[in-house]
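Here are a few short exercises to work through with the structure open beside you. Try each task before reading its solution.

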Amino acid sequence: MLLHLHVKNFALIRETEIDFSEGLNILTGETGAGKSILIGSITVALGGKVAKEMLRSEEEPALVELIFSVDQPGLLKKLQELEIPMEDGQLILSRRVSGSRSICRLNGVTVASSVLKEISSWLIDIHGQHEHQSLLHKKKHLEILDAYAHEKLSPVLAGVKDCYEICQSRKKELEESLADESARVREQSLLEFELQEIEEADLKEGEDEQLEESYQRMVNGRKILEALTVVKNLCGGEEVSASEQLGRACRELSGVIRYDGALESLNEQMQAIDSQLQDAVRELEDYMEGMEFSGQELAETEERLNQINHLKAKYGQTIPEIRAYQTEKQERLDRLVNYEQYKKKLQEEYEKASEELKGHCIKAHDIRSWAALELTRKMQEQLEELNFLDVQFEISVTGTKTPTALGSDDVEFLISTNPGEPLKPLGKIASGGELSRVMLAIKTVMADQDEIHTVIFDEIDAGISGRTAQKVSEKLALIGRSRQVICITHLAQLASMADGHYCIEKEAVDGITRTRIRRLFGDEITEELARILGGAKITDAVRWNAMEMRRLALEFKKNRKTGKT
């Protein structure tokens, strides 16, 4: 259940906090006061997209926090897997947005927005203003039926998807394999040439790097020898050199050691340096002798490097990549050489997957047909309670010739709202108000299929009034007995049923327009109902009507609670 909402620097909201109650929470206010902004802030906290115009400024980051009480075993297990700490059964979702940056947290632990969305799907279900319009499309009907039969249907649909993907893959390979004979011969010839070129090169791991080092040494041999000659002369030449000077220093020092024993250590260090210098000079001479190479060696090295670089330009940037290309093309060549066997194998795999796909589709059809009967019965009951007096509702499940990743069923909701009229597609005959009630009926039935404890309806009352509005308000009150409902409405019938009534208002402070929200109590509720009922002027008669509406709503809820009709 949603316990608390904190919004800061979001659109017209400078900062506001709301404590929600159990049951039916109603939000009312003048048009344009910011009711949809409030729902938008909740959507943002749950990981939804953030429109730039909703941010007040980059200097003032937007912050939305939601506090939920959590007791669903599945969700608790998921939070444990994510190593999200829990305390007192509460979960705090927070999201801070500044410019293009967004920081999401669960109980203080920073998480990706995808994780936030996954967790929020366990906590709350938001029905947007125009969501009922999705019922105009048959695709939505299939989605609803599959959600209703989720437990039994999901494993079967997983099999459908796997087999369908195999079928599509094998079908594509078969189509590609049916290319004309001349094209296959040309491809085979090209592959043979490429593979022979790579094979004859006899590439060795790391060979290119070693050759590159050798080549650089050969190409720059003269510069290297000139530099080394200078070094050798400076360190160990016959004239004035470091070796000669160091030897002289050692001799001078040795001659005075007998006068002071403390010089023994210094003499040893000088002798060691002289020895190291002589070793370095000898190593330098050996290196210079090894620098001798023929022009043929340079030409051979250059030629081998060019050969490897030529292969890199055609088949891969490194020797391992060239070998991987070789393996891939060898497999392709084997298929072309053994073309008939390859095609036969593809055909067999395609037929096998097609047969398995057909079997999974039949199972899915049977489950959907069973679920359609169950959902039809429950929908019929709910629609009658929503003031569809002579309604007939049916879910049609018919097979299609061509299967998809969702099976081979065409699902459509059919309805008749007047006596004597035949059943017709819902999307062709239902009005906006009727679609709203059908969606409410669906939400009511589907509520028993999941563990979500909070449902938000953003103007579910669109297109309804009078007795129908009363029936919808009663339905929302009944839903509120088993789960938390948050509803934005413009109808007094719905507002009168509130367990918690909140008013959203727009006010100007220091020349700046802001939206605020506050909970109403006692006479404030009556005044708000009167405002919704009344026109330009709220009279005593309107107030009395509001009081009576509230009294009847409380009486209805009391009777329902005690089992009275």
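The exercises below concern a predicted model.

**Exercise 1. Work out the strand order of the open sheet of 6 strands and find its edges.**

Step 1: Reading across the sheet gives E2-E1-E4-E5-E6-E7, and the pairing is antiparallel.
Step 2: Look for strands that pair on one side only; these are E2 (13-19) and E7 (109-111), the edge strands.
Step 3: From one strand to the next, the twist averages 15 degrees.

**Exercise 2. Describe how strand E5 is joined to strand E6.**

Step 1: Strand E5 covers residues 90-98 and strand E6 covers residues 101-106.
Step 2: The two run antiparallel, with 6 bridges between them.
Step 3: For a residue-level check, find Arg95, which has Cys104 in E6 opposite it.

**Exercise 3. Which strands does helix H1 lie across?**

Step 1: Locate H1 at residues 35-45.
Step 2: H1 lies across E1 (2-10), E2, E4 (62-69) and E5.
Step 3: Relative to E1, the helix runs at about 100 degrees.

**Exercise 4. Is Asp279 buried, partly exposed or exposed?**

Step 1: Place Asp279 in helix H10, residues 264-290.
Step 2: Its relative accessibility is 38%. Buried means under 20% and exposed means over 50%, so Asp279 counts as partly exposed.

**Exercise 5. Find the rings that have a charged side chain over them, starting from Trp370 and Phe388.**

Step 1: Over the ring of Trp370 sits the charged end of Lys152, 4.1 Å from the ring centre.
Step 2: Over the face of Phe388 lies Arg437, at 4.0 Å from the ring centre.

Definitions and conventions: Residues numbered from 1 in each chain as written. Predicted model: local features only at pLDDT ≥ 70, side-chain atom pairs only at ≥ 80, totals over all residues. Heavy atoms only, no water. Lys NZ or Arg CZ within 6 Å of the ring centre and 35° of its normal. Pairing = 2+ DSSP bridges. Helix = DSSP H or I, 4+ residues; strand = E, 2+ residues; numbered from the N terminus. Axes fitted to C-alpha atoms, helices over the stretch in contact; angles between N-to-C directions. Contact = heavy atoms within 4.5 Å. Buried < 20%, exposed > 50% of the residue type's maximum accessible area, 1.4 Å probe, protein only.
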